[in-house]
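Reader: I am new to reading protein models and would like a close look at a single part, explained step by step. Could you take me through it slowly?

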Amino acid sequence: MKVSREFIAEGLRQARYVTNERVETALLLALTLEKPLLIEGPAGAGKTEIAKVLSAMLGSELVRLQCYEGLDEARALYEWNYQKQLLRLQADEAGGLHWEELSEHIFSAEYLLQRPLLKAIAAPRRVVLLIDEIDKADEEFEAFMLEVLSDFQVSIPELGTVRATQRPIVVLTSNRARELSDALRRRCLYLYIDFPGVEQERRILESKLPELDRAMAEAAARFVNALRKLELTKQPSIAETLDWARALLELEIRELDAPALRATLGLLVKHESDRTLVESKSAALLARAPRSPSRNP
Amino acid sequence: MREPLLEFIGHLRAAGLRVSVAESLDAAAAVAAAGLEREHLREALAATLVKDQADRPVFEREFERFFRASGGAPRPPRSGRSWQGMSGGHGVGSGNQPPSSRPIVDPRRQPGPGSVREHDQAPGQEKNRSGPARDDAHGENSAQAARERSMGEREGMQPGARIAGTREVLLKPFSSYTDLEYERAVDLLAVLRRRLRVRLGRRRRKARRGQVDFRRTIRAAMQSGGAMLDLRMRARRPRRVDLLILADISGSVRYASTLMLALVAGVEESFRRVRAFVFIDRLAEAGFERGHLTMQSALDLYARSDFGRVLAELITRWHRLLTPATVVVILGDGRNNRRPARSDLLAEIRRLTRAVIWLNPEARERWATGDSAIGNYARVADALIECRNLRDLEVALGRVGDGMRPQHGLAPKAISGRG
């Protein structure tokens, strides 16, 4: 596919996804080379969001396969609609159709339940296929994915082979719950997304919440950044920063001080132990996130 | 562009990254797509050649070094080699040298740590030779560049030597380690841990017995027109393994023990619970803090190994750790200084737990000699594995992670590492 860097940058801007050149280049390559893109990084850094942005950018459908332990082909690829087939058989019992005729009928596309992978392959238009948290799936499933990712075709014994007319754009995400095989890594482009720095997070806040004033956005970004440097059980994600900032807006909090923090901390910190840690250090954290006097843009 | 690219990939490989042929093709296509602007080039190469964030620093170092002089687009092939310090006139002068000729001595051809003097000399000479030329070519940045470069060269020797040494260290018997080799083995642990994690993730096997899998049974039944002729089974969820490690740290096997504990500490999350003990003639609970072995209670390091007493102590004091989900791994040479072997106690431990696996760092030929009681223990343990070097250790721990009783029945002699 022919895409330009400007197209990508414009698409990201439209989707209000604030990012850096690294991500831009990776997306450009994923679209031009038509190779799957493997994205790793901490939870909540915006990996899944990239697939959504891609699909918005291309104006194509997003097909999502959420992986989990024990995910198998039947739920990832296709399955026959057994109940419907059974009903059909029973309905025909009196009709006296020949078996050949009948079996041809009940093994037709009408009785096939398309799961995400088949859906992506059989789609008439190019889709974006998001395979989320591939590290949660079993090794065997990963091996099966390799096959699908290299050929983009599936054979269904009763129906024949389904081949992708247009190769889907594939995005895989992983939190490193398990090491992925080198074979999978070799076949993919690789992108690592970390939490944004203060500056980038401020820009994210500003682009998603234009009502938030600049000083507040700066203070919030600084505070969250400082939080991520503590040893928390769960680090606050970008989405949580946004929720928190939204709450600050709703509560009309103009200054980030200890009482304001106590009232809203639940949106950022979701473990009791983390909460006590943060509250014990809130003075230092707030000092690092100075309540900057209104310096308007 | 092709030649400098291939050369750059060569440097990455020398620095320890694994780059496949397909990946180099991807890199070429990526560069064509992303363009030669420096940052775009960097990210295009990174996305196609570096598939693990852990390798990124190495990539950055090599990238900076290789594409430094050129300021953006890589130079045409000939001067593309200038990263080696052969910039300016020197590079042109060497135009008819074969590509493989390098101004510095190839570290791989050097016999080893004995030749430190040569290592030190090489960068110095290099600096003298190319210094003036570079000053002309690069103006004010040149002094710093020269410093970095000469530093880089000294570092640069290490990756090559390290790769060449890797295999050697993996196969070197623990018993003949020098302190230097031990350090190198410790450096290698990170790689081994990663490989082991992959291996341990692969534990889920399809069992022939288990629970009935309704979905698959019914789906299979559709092929026979709705009659359930064949039951499909779902593999039972893999039981996670509790690991109990006993490691002898007496002089003869201490390298093997500390390396094993360090390796296990890195893959701890692959097991449900890990408890580790070190012993000589008594037990002490062990842990790892920042890569250093810590013991809960002091051990007499000058004592002589007494396996029998240690086994007795395990049963009396740590009885609650001996559960049916536990795999007991003992690392030791079984040299018991002619004290009672008490293999009956090992049999008792075996009865209480899922498996007992004995790793012996001694060469197989020496097992039955002198004061070795390993024969007595071998009759009781599920497996006795010869574990003479890092590679054996890696293989053995992978099998422990499988948490399965050995497939060859209970005859321990039939099972070994690589004999």
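Which residues have the most contacts inside the largest nonpolar core, and how many residues does that core have?

Author: Please keep in mind throughout that this is a predicted model. The largest nonpolar core has 94 residues, and those with the most contacts inside it are Leu29(A), Leu37(A), Val171(A), Leu189(A), Leu191(A) and Ala220(A). To see what such contacts look like, take Val171(A), which, when residues up to four places away in sequence are not counted, touches Leu37(A), Ile39(A), Ile50(A), Ala51(A), Leu54(A), Val128(A) and Leu130(A). Apart from this core there is a second, separate one of 60 residues, which includes Leu311(B), Leu346(B), Ile349(B) and Ala383(B).

Returning to chain A, we can now look at its sheet. In chain A, 5 strands form an open sheet with parallel pairing, and their order is β2-β5-β8-β1-β9. The edges are taken by β2 (62-66) and β9 (189-192) of chain A, and because each has a single partner strand, one side of each is left without a neighbour in the sheet. On average, and with direction ignored, neighbouring strands of this sheet are turned by 20 degrees against each other.

Within the sheet, strand β1 of chain A, residues 37-40, pairs with β9(A) in the parallel sense over 4 bridges, and here two names from the core return, since Leu37(A) stands opposite Leu189(A) in β9(A). Helix α2 of chain A, residues 21-33, packs on the sheet and touches β1, β8 (169-174) and β9 of chain A, while the direction of this helix makes about 160 degrees with that of β9(A). Helix α3 of chain A, residues 47-58, also packs on the sheet, where it touches β1, β2, β5 (128-132) and β8 of chain A, and the direction of helix α3 makes about 175 degrees with that of β5(A).

Finally, we may turn to where the chains meet, a contact that takes 29 residues from chain B and 28 residues from chain A. On the side of chain B that touches chain A, the elements that give two or more residues are α2 (21-34), α3 (38-49), α9 (179-201) and α10 (214-223) of chain B, and the largest share, 7 residues, comes from α2(B). The residues on this side of chain B divide into 11 nonpolar, 6 polar and 12 charged.

Definitions and conventions: Residues are numbered from 1 along each chain as its sequence is written. Chains are lettered from A and ligands numbered from 1 in the order in which they are written. This is a predicted model: local features need pLDDT of at least 70, side-chain atom pairs count only at pLDDT 80 or more; totals for chains, interfaces and linings use all residues. A nonpolar core is a set of buried Ala, Val, Leu, Ile, Met, Phe, Trp, Tyr and Cys residues joined through C-beta atoms within 7 Å. A residue is buried if 20 or more other C-beta atoms lie within 10 Å of its own, exposed if 12 or fewer, and partly exposed in between; C-beta atoms are placed from the backbone. Two residues are in contact if their C-beta atoms, placed from the backbone, lie within 7 Å. Two strands pair if DSSP finds at least two bridges between them. Axes are lines fitted to C-alpha atoms, for helices over the stretch in contact, and angles run from 0 to 180 degrees between N-to-C directions. Ala, Val, Leu, Ile, Met, Phe, Trp, Tyr, Cys and Pro count as nonpolar, Asp, Glu, Lys and Arg as charged, and the others, Gly among them, as polar.
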